[in-house]
Amino acid sequence: PIHASSRRVGGSAAPIAGATCMVNHEMLSMAPARPSLLTFNYENVGNGTFLDLFADDTQVYLEGWEPGVHTFAHELEAGPQVLRWEVFSHGGGGEMAPSGYSTLDAVSLEPLPPRVWFHSPTQTVTESVGTVSVDLALEWACDTPVTVSYQLSGDAELGVDYNVSPANAVTFAPGQTHTNLTVTIIDDTEPEHSETVYFILS
């Protein structure tokens, strides 16, 4: 059998807001074209205040009540949505203590890289098959080449039981969302038990 997994590749961040000293709430509307990673720094200052984040009214839990600046990251789906940061205090019924506040800084949105996966997680063949195509898909077409490395494992031995082309990595050309690896099965006269090779994207 031939087994395979999936992963994400590439990415870069862009700032979308500056520093804000929050005494109640802050809102930000956005519409990422692709799934994106939201990151920001925050600090809770004074009298047990803490910061909450809501994405389209769904609360996202933030850790870091202790003193100091904390960095948080959260994946957002593509499409219009509203982010809302709210400041609360412990046991205050939703009202902030007089000297407490939270700071919000370095807010950025980074498009998540496209995922790569195998069309079929498993294939079973005989030695006499000759070659096997291991097909891969890219989540969306990119303007530049996307190269994904892979590792091999299993009890089938490279160069003895099979060969793979291209070796070590596969590249999606610009605009391409499908490509493949070619596995050549080496047929010999030795009696053997069933052997397995695993393809692991890295």
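Which side chain does a polar contact of 2.6 Å join to that of Thr39? Select Thr39 and look for Ser108: the side chains of these two residues are joined by that contact. Ser108 belongs to strand β11, which covers residues 101-111. With a relative accessible area of 11%, Ser108 is buried, because buried means under 20%.

**Before going further**

You are looking at a predicted model. Try colouring the chain by confidence: the average pLDDT for the protein is 82, and 81% of the residues score at least 70. Now select residues 1-19, where the pLDDT is below 50. In the model, this stretch still has 71 contacts beyond near neighbours in sequence.

**Stop one: Arg84 and its partners**

Next, select Arg84 and show its side chain. How many salt bridges does the structure count? The count is three, and Arg84 is a good place to start. Its side chain meets that of Asp57 in a salt bridge, at 3.1 Å from N to O. Arg84 lies in strand β10 (residues 81-89), while Asp57 is in the loop between β7 (49-55) and β8 (58-60), so this pair ties together parts that are 27 residues apart in sequence.

Switch on the surface to compare the two ends of this bridge. Arg84 has 17% relative accessibility and counts as buried, whereas Asp57, at 62%, counts as exposed.

Keep Arg84 selected and add Glu86. These two residues also form a salt bridge, with 2.5 Å between the closest N and O atoms. Both Arg84 and Glu86 are buried. With Asp57 shown as well, you have a network of salt bridges linking Asp57, Arg84 and Glu86.

One more residue belongs in this view: Phe54. The charged end of Arg84 sits over the ring of Phe54, 4.5 Å from the centre of that ring.

**Stop two: Arg115 and Glu139**

Now move along to Arg115 and Glu139, whose side chains meet in a salt bridge at 2.7 Å, N to O. Arg115 is in strand β12 (residues 115-118) and Glu139 is in the loop between β14 (131-138) and β15 (146-153), so the bridge ties together parts 24 residues apart in sequence. How exposed is each end? Arg115 is partly exposed, with a relative accessible area of 40%, and Glu139 is partly exposed too, with 24%.

**Stop three: the aromatic rings**

Hide the charged side chains and show the rings instead. The structure holds five aromatic pairs. One of them is formed by Phe40 and Trp85: the arrangement is edge-to-face, with 5.6 Å from centre to centre and 90 degrees between the planes. Phe40 lies in strand β6 (residues 36-45) and Trp85 in strand β10, so the pair ties together parts that are 45 residues apart in sequence. Phe40 is buried, with a relative accessible area of 1%, and Trp85 also counts as buried, at 1% relative accessibility.

For another pair, select Tyr150 and Phe199. Their rings are tilted, at 45 degrees between the planes and 5.7 Å centre to centre. This pair links distant parts of the chain, with Tyr150 in strand β15 and Phe199 in strand β19 (residues 197-201), 49 residues apart. Tyr150 and Phe199 are both buried.

To finish, go back to Phe40 and Trp85 and add Tyr42 and Phe72 to the selection. Ring pairs link these four residues, Phe40, Tyr42, Phe72 and Trp85, into a cluster.

Terms used: Residues are numbered from 1 along each chain as its sequence is written. This is a predicted model: local features need pLDDT of at least 70, side-chain atom pairs count only at pLDDT 80 or more; totals for chains, interfaces and linings use all residues. Side-chain values use heavy atoms; hydrogens and water are left out. A salt bridge is a side-chain nitrogen of Lys or Arg within 4 Å of a carboxyl oxygen of Asp or Glu. Helices (H or I, at least four residues) and strands (E, at least two) are DSSP runs, numbered from the N terminus. Buried means under 20% relative accessible area, exposed over 50%, partly exposed in between (1.4 Å probe, protein chains only). A polar contact is a pair of N or O atoms within 3.5 Å; within protein, one must be able to donate a hydrogen and the other to accept it, and residues adjacent in sequence count only if both atoms are side-chain atoms. pLDDT is the predictor's confidence in each residue, from 0 to 100. Contact means heavy atoms within 4.5 Å. Rings of Phe, Tyr and Trp (its six-membered ring) pair if their centres lie within 6.5 Å; planes under 30 degrees apart count as stacked, over 60 as edge-to-face and the rest as tilted. A charge sits over a ring if NZ of Lys or CZ of Arg is within 6 Å of the ring centre and within 35 degrees of the ring normal.
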